[in-house]
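Reader: Before I rely on the labels attached to this structure, I would like to see the grounds for them.

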Amino acid sequence: MITVEKLTKKYGATSVVDEVSMVIERNSITVIVGSSGSGKSTLLRMINRLVEPSSGRVLIDGKDTASEPAHLLRRRIGYAIQGHGLFPHRTVAENIATVPRLLKWEESRVRARVEELLKVFQLDPHTYAQVFPHQLSGGQQQRVGVARALAAEPAVLLMDEPYGALDPIIRAKAQEDLLDIQRRFGTTIVLVTHDMDEAFRLGDRVAVMSGGKLLQYDRPAVLLTRPADPFVSRMTGVSDRAMKLLSLTTAGEAAMPGGSDGPTVAASANLREVLSELVWRGEGSAAVLGEDGAACGHVTVDAILARGRP
Amino acid sequence: MTPARQPRLDPLGALLSAAGAAALIFLPFVVFKTNRIVPGDPRTLLEVLPTSLSVACLSLLTLTALAALWVANARVRLLAALLGVIVVAFAVATAANALTPPGNKVVRVAAGGAFWVLLVCVGLLATDAITRLRPGPALRVLFLALFFAVAGLALAHGTFDHLSVMREYAVNAGRFAHELRQHVWLALGSLLAAVIVALPIGIVCHRLPRLRAGILGTLNVIQTIPAIALVGILMAPLGALAAAVPWLAQLGIRGIGAAPAVVALFLYSLLPIVANTVVGLKRVSYTAVDAARGMGMTNTQVLVSIELILALPVILTGIRVVLVQNIGMVTVAALIGGGGLGTFVFQGIGQTAIDLVLLGAIPIVALAFTAAVLLDALVEALDRVRP
């Protein structure tokens, strides 16, 4: 759990981050979203003290981050950034091994961890361990960047616009991978982006920042249904907010007992996708299939539409 | 690119061939002197070699010229250039042997204008061919080593012993080794001192942009002072220092001698290294440094294992500039008793003995060339690992 208390960063008279307080739950993905200059990156960088706060403090599991040397704190926190920041003169394996080596892990443990991470990130160790970053594609570089950030099994992972440089298809894949990895390692992830769709897709909770202030910090659905500020509605977008709301619920969550003669949809599909499918086929309901392939209920168009209202 | 089936006159080859031919016609190939000081008697290639040999030499040189003019293949051009080098060297050695009566150590046979022009022409042809071949760093060092091996073997074998430069060498052999060592020592010592001082200054300039303009400006001013003037400026304070602190004088720090020369070279060396360190560090990707810091490297670790390593090729390029520059400028040290190969150069100028000047100048050029090739190869080898 990360507790941010009245965190402020001033450069001269201007506050880039102004008295931000928030609690980030363990094992969750929190997305900080805002336009450029909103202070979102500065807020993130104060968590691992790449930027020292002017006032206020950050506690990780109750412990003040200012109570130890910054470089030791950072070795316990994963850090992945836009443009990956891989070291061009080191191989993929050496890049991933950076923090474990700083922590003086046994070499055999380092090797095993590098291999494990390469596999998790779908990079064949034999092919990729010994190549240099410039020999990889943009998507592969980004995956190595995240693998490197996770190498020393940090409980917290900070990500600063990690997918900003990727094209939409690779970005969608990277986002899916991140959700998998979060489930797999249980890492607490704090991610900064300017892309509200990305925030809705990834975030268990979303923090909206503007002008250094935290405007609203809540579940995505609440941001849509009860925006605390006109700026929040502008960020989330008004024209398709019903559809956005539907995309936050899966068919599995909305499934009601009973069967359906309509098409079958996966429990993991979101209601926006299910509705689109039903409209396309002209059907009134769909059967929901669980991960094991067995029917676990049904959804109707009416029930879906009811969930698209605040 | 010109299509291969439509051969075209190579412009560089045309220029070099014309220059070589003109030199052979209008300039003496060797200059014959009955002793060291009298004015020389110019001789052309045809005059000094037996007819059969001169015809052979001229045909082989024509062959080289034809290759330079018409052949596009870089390997063939290189072989032709090497053939040219061998022919020219062989011709001058044979001419010297032919003109020197047996046992006579007084006559001097110096290489003439035609020899030097031809040597430059085939040298340029070889350099151009090597550039077109784009050899890797290791191969280039190998070329250099081969060249020195062949040249060294020929010198050791006595092939050129009757040439006047080698006559001067024979007289000065003991001093030559000493001055060569002194020359290298002065050049490397001032470089080392400059690296030790300039690297931290460069790092400070990079970290504190406010200081950058002032420091680089000051170093720029130093760079504009002519070498001899700087040495002169340094003589007074170093002399006063030696008078005031006797143990410094015992260490060799005096107004004249090696000290002012080393200090001058050191001062000249600062700007290229500082400037390249700043540029090299600036070139290091910001995201790599940010990631390094974000993952918990200490400031020293970031500087040493990320920033300096990534800036190294650019810093080495600065060091290369300085080393080549120093090897040339150490020559001036001889003027104030600092020793080095410049001793022969200035002695030769004083005695109007051009051969003695060459005894100093040729090794200086060879040293500078070697330094340039070696450091270029090193920079390229390091630069290959990155995008």
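Author: The answers below set values against definitions.
The model is predicted, so local features need pLDDT of at least 70 and side-chain atom pairs pLDDT 80 or more, while totals for chains, interfaces and linings use all residues. Residues are numbered from 1 along each chain as its sequence is written, and chains are lettered from A and ligands numbered from 1 in the order in which they are written.

Reader: How do you know that the span of helix α8 of chain B agrees with its number of residues?
Author: Helices are DSSP runs of H or I with at least four residues, and strands are runs of E with at least two, numbered from the N terminus. The expected span is 1.5 Å times one less than the number of residues. For the 16 residues of α8(B), 209–224, that gives 22 Å; the end C-alpha atoms are 23 Å apart, so the two agree.

Reader: What makes α8(B) hardly covered?
Author: A residue is buried if 20 or more other C-beta atoms, placed from the backbone, lie within 10 Å of its own, exposed if 12 or fewer, and partly exposed in between. Among the 16 residues of α8(B), the count that are buried is one.

Reader: Why are β6 and β10 of chain A called edge strands?
Author: Strands pair if DSSP finds at least two bridges between them. The open sheet runs β6-β7-β8-β3-β9-β10 in chain A, with mixed pairing. β6(A) and β10(A) each pair on one side only.

Reader: How many bridges join β6(A) to β7(A)?
Author: Five, and the two strands run parallel.
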